[in-house]
Amino acid sequence: MDGVKYLVSTRGEAEWVKNVRVDPNVALTTKSGTTKYVAIETPVANRPPILDAYKIKAGRVVEGYFRKLPDPADHPVFTLTAVDPTGV
């Protein structure tokens, strides 16, 4: 969204959410390879537009999760900042 990557928990306080809170250094693997990030939790007040964009992108597959947990506070969101692999 607007050039920023987010990690969204559709299922609320999942184990991975707890792990990221303890260690915000995460690695995500896609077809393009693995990228390391630092994940910073997004305040609840800033989550609605991110969650709205996520629901549009994910489509019907996530509708049930948001019906069961309609409050943005129920869906941890993390802003991802890529870590420079060169350390510069």
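In which sense do strand β2 and strand β3 pair, and over how many bridges? The pairing is antiparallel and runs over six bridges. The legends below refer to a predicted model.

**View 1. Pairing of strands β2 and β3.** Strand β2 covers residues 25–30, and strand β3 covers residues 33–41. The two strands form a hairpin, with two residues between them. Within this pairing, V26 stands opposite Y37 of β3. In a regular strand, side chains alternate between the two faces of the sheet.

**View 2. Order of the elements along the chain.** The protein contains three helices and four strands. Read from the N terminus, the order is β-α-β-β-α-α-β. The hairpin of View 1 is made by β2 and β3.

**View 3. Extent of the protein and its long-range contacts.** Along the principal axes, the C-alpha atoms fill a box of roughly 45 × 25 × 20 Å. Of the contacts between residues at least 6 apart in sequence, 70% join residues at least 24 apart.

**View 4. Burial and exposed area.** The protein has 88 residues, of which 25% are buried. The area exposed by the protein is about 6100 Å². Carbon and sulfur atoms supply 56% of this area.

**View 5. Charged side chains.** There are 12 positive and 10 negative side chains in the protein. The centre of the positive set and the centre of the negative set lie 8 Å apart.

How values were computed
Residues are numbered from 1 along each chain as its sequence is written. This is a predicted model: local features need pLDDT of at least 70, side-chain atom pairs count only at pLDDT 80 or more; totals for chains, interfaces and linings use all residues. Side-chain values use heavy atoms; hydrogens and water are left out. Buried means under 20% relative accessible area, exposed over 50%, partly exposed in between (1.4 Å probe, protein chains only). Contact means heavy atoms within 4.5 Å. Accessible areas come from the Shrake-Rupley method with a 1.4 Å probe; for residues, only the protein chains shown count as cover. Lys and Arg count as positive and Asp and Glu as negative; His and the chain ends are not counted. The place of a charge is taken as NZ of Lys, CZ of Arg, CG of Asp or CD of Glu. Two strands pair if DSSP finds at least two bridges between them.
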